[in-house]
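Here are my notes on the model, in the order I went through it. Have it open while you read.

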Amino acid sequence: MFERLPPVPDHPALEREVLQRWEEEQTFQRLREQNRGNERFSFLDGPITANNPMGVHHAWGRALKDVFQRYKALRGFDQRYQNGFDCQGLWVEVEVEKELGLNSKREIEEYGLAEFAERCKERVAKFVGVMTQQSKRLGQWMNWGNDYLTFSDTNIEYIWRFLKETQRRGWLYKGHRSTQWCPRCGTSLSQHEQAGEENYKELEHPSLYVRLPLKGRDGEALIVWTTTPWTLPANVAAAVEPDADYGLRDGGWRLAEEDGEYDRVVKGAELVDLEYEGPFDELPAQENVVHRVIPWREVALDEGTGIVHIAPGAGTEDFELSRVHDLPVLVPIDEGGRFLPGYGPFEGLSTDEAAEPIIEALQERGLLVEAGTVVHRYPICWRCKTPLVFRVVDDWFIGCDELRQPLLDANQDVEWTPPQYKKRMDDWLRNMGDWNISRKRYFGLPLPFYPCHCGNLNVIGSLAELRERATSGLDQLQELHRPWIDEVPIRCESCGEEVRRIREVGDAWLDAGIVPLSTLGWQSPEWVEHGYGTGAAKGLTGADLPDHAYWELWFPADWVSESREQIRLWFYSISFMSMTLIGQLPYRRVLAYERVRDEHGLEMHKSTGNAIEANEAFDRMGADIMRWLYFSVPPSQNINFGYGPADEVKRRLLTLWNSVSFLVGYANASGWKPEWGSEPAPEQALDRWLVERTRLLVRDAEGAYERYWTPALTAVFEAFVNDLSNWYIRRSRRRFWNDDAEAMATLWWSLVQALRVVSPAMPFLADHLWRVLVLDGPDSVHLAGWPEAGEPDEALLAEVAAVRRVVELGRQARSQSGIKLRQPLRRLVVQGADDVSPHANEIAEELSVKEVEFGVVDASELRVKPNLPVLGPKLGKELGAVRAALESGSFEELEGGGFRVNGHELGPDEVLVERRGKEGWAVAGEDGLTVALDLTLDPELELEGRARDLIHEINGLRKEQGLDLTDRIVLTLPRNQEELLRHSDWIAEQTLAVEIRTDGTELKLEKAP
């Protein structure tokens, strides 16, 4: 006996049962063992940050990774299944600061770096566990417990080796430049961290127009515009466009408008080298600064006054101009974004706090022309969302010019999905600046740089080298993190003096970028058991450090997948680091995807209440529904995710559930049992069609998986299930009532193959239904392998498709007529599909007609109009004559839906066709196919229609009363329906009535004894 299914699935409950069964039966471990030693499929996981619970936006990427690994497992490929966790950097630090109530770097240092590091590690350990459980709940199969964690000493050592190589090549340098700075985090940020649109926000800032009086030109002043008042105390110059026109009006110089009236107009070049009084010359920081006008070709002429105030210590472009024009650089704020000594009344104020005092001071001095506000796009910190400032600081950089072209060349051999993302990667590589790798923070990769006063930069490349060169501190070095690493000085290899490590830590993308080498054991001389669980990762993972031979087997990855934003982040960092060390990209194919929005298309935010945590979605809709939602959307588009779309997915997938339930009910009633491994060789035409339709599903689904394109997979599967239910099952019901073993075997085989096909996408539902249907085969669909179904019979499929097209048009005609399908009609005429005439009986049964004729439809009026957007450009002046001929009916209808008129042959897409049935007929048509229904009813047809209505009503009552499919009934009809007994045999057959009585006052049925 098959297990009976409830009317609808409870997806969350079903999934929890399947998860428990997988755990008890070790299904994943058995799958890995089953495929071990086979052809390899190498997937490299981009690490997820172990910092917070997973949201539904994380689940899309993890579901995509899982679906294709599951597919490759069905094809028998051996795989690594190593998950990755990002474990250090600002991601973790900011959240720990919130937990501890710390608000500045000073407070972190007062708390203690060792204790702070321990809290960071505790948070990582907590969310490694949380996210592991969430990923399992999603159905993601990975080698959990043997993950790579980026804060392991092993990973850090590999990065040190990379950094030592960049020094050897002359790429590593210390740069003094203006950079984007987060005052809350107290560190600079790199170009690739901040490049995304999500790192900008529409903010309201002051909008000031300020007078800068010119020296030696009484009554004349420059008018400058700024939205950052805090930069004015650091002003040293004003820039003009040399070739632009500037006008003097009301004593102020500004960009001249074409129709404006001015006392004088000059080219910007005439203003260059003029000196002016600064807005805050009395500040000690401004001592000896000579303010002057400089030329700049990049002055924006579409906003402000055309004169730009220059503060090299507070802007990237300003700083570059200081180098060109030898300008002094005043750095007004500290790393917390507060004014430094030397800035008088503003000292100690934040940039926001200083705005109002600065505005008041300008007004008191008569320098403020106008004050207002402006809303504009402004950069915010990628991690904490604080508005950024610019500071001139010393940071460590890796030059990228030598690697730019090799990276571009290598990218041409990568297969990107969607393909347009290849160009995005090209664009990033062409425009990337040098890599800012240093962060003035605490819990991160310790940069192994030991500068010496002799001018030598010592770079440590391994823990062994550190131990060899250390002068002290090794006894307390519990791991390669601050503060312990800070207490290990070394000898300078040049002069022998003791030197100490710089305090900076590394960009977190160094941690993730090295994993194609570190996780696979590149240049590792031996296999080290648990060799990846070192340092901070000890006890959190059992991952080994493989040897170099293993790396050669698994590198490069056949496929990687991350979100589109990772083009400038993880894809870039792994490319940069692998190309540096081995001259090769670490991947062959890439799948990138967009973002998850709420069901209305809005960004998800906790603050707006529309964010959905993964656990909530698991509990309310189920993982399979989430996965199907993700897979149905092209990766190049955002997903509108929510419970409304989830309900629609549930509704569509219910057809599969009902199809299995249909088979189970009739198989149990008849005692039929399947035989595993046997493929049907049916004699019935409809069974043959289902076999071929199933083969088509297997072929098309395979193509979708091989292209890494889930929308094609969901589309072909839903189309198949629709065909299975609405054609095969519906047309075969009578055979199932009659215990037709061939029909049951065919339907069972088809469903089983379909479950194998869809199991990578819906692992829970597929496995549950598999265990219902497969009584003596593999105990899990995931152990059954990919179906070998053979090539489909295209001719048979096309023939049935043509039949169904006729039926669909017939239903359209019925819908237009308002006559329901249960009311039989006398005749259907079909024109343009003579090749389906052998299927006349099927068409008649589908459309409830007594006769089907094939020939010319003369029961319609045909109206044809030109499709103007298409025909206009083609016909030009002749369009009018062709339109008139079409309206008058002076045309010849051609096969395939075309028309000949006035010597022109018009295709189906060049005309708009409308067919109207003559009185007593309903007509529908498209692409050369026309059907016409005779709507004439006679008493015989009307009586049969009433009998069909009665059957429909009785079967509804059977369901309401909870009768089984095979339960026989005694039926009582009202006396006024006695004439329906002319169809008593048919009514009894369709309702399983063993007796029909007509002595009642209302319709009643009861289970037969």
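1. Which residue stands opposite Phe899 in β32? That would be Glu893. The pair belongs to the antiparallel match of β31 with β32 (residues 899–901), which runs over 2 bridges. By strand I mean a DSSP run of E at least two residues long, and by helix a run of H or I of at least four, numbered from the N terminus. Two strands count as paired if DSSP finds at least two bridges between them.

2. Before going further, a word on ground rules. This is a predicted model, with local features needing pLDDT of at least 70 and side-chain atom pairs counting only at pLDDT 80 or more, while totals for chains, interfaces and linings use all residues. Numbering starts from 1 along each chain as its sequence is written, and side-chain values use heavy atoms, with hydrogens and water left out.

3. Back to that sheet. It is open, has 3 strands in the order β31-β32-β33, and pairs antiparallel. At the edges sit β31 (892–893) and β33 (904–906), each pairing on one side only.

4. Next, β15 (residues 389–398). With 8 of its 10 residues buried (under 20% relative accessible area, 1.4 Å probe, protein chains only; exposed is over 50%, partly exposed in between), this strand is largely enclosed by the rest of the structure. It pairs antiparallel with β4 (residues 172–182) over 10 bridges, and Arg391 is the bridge partner of Thr179 there. β15 also has an antiparallel pairing with β17 (residues 435–436), over 2 bridges, where Ile398 stands opposite Trp435.

5. β28 (residues 825–831) has a parallel and an antiparallel partner. It runs parallel to β29 (residues 849–854), joined by 5 bridges, with Val829 partnering Glu853. Helix α26 (residues 840–847) comes in here, as β28, α26 and β29 make a right-handed β-α-β unit (with the strands pointing away from the viewer, the path from the first strand over the helix to the second runs clockwise). The antiparallel partner is β36 (residues 929–934), again through 5 bridges, and Val830 is matched with Val931.

6. Last, have a look at Thr991 in helix α30 (residues 984–991). At 1% relative accessibility, Thr991 counts as buried. Leaving aside residues up to four places away in sequence, Thr991 touches Ile951, Ile954, Asn955, Arg958 and Ile969, contact meaning heavy atoms within 4.5 Å. Its C-alpha atom is 8.0 Å from that of Arg968, 23 residues apart along the chain.
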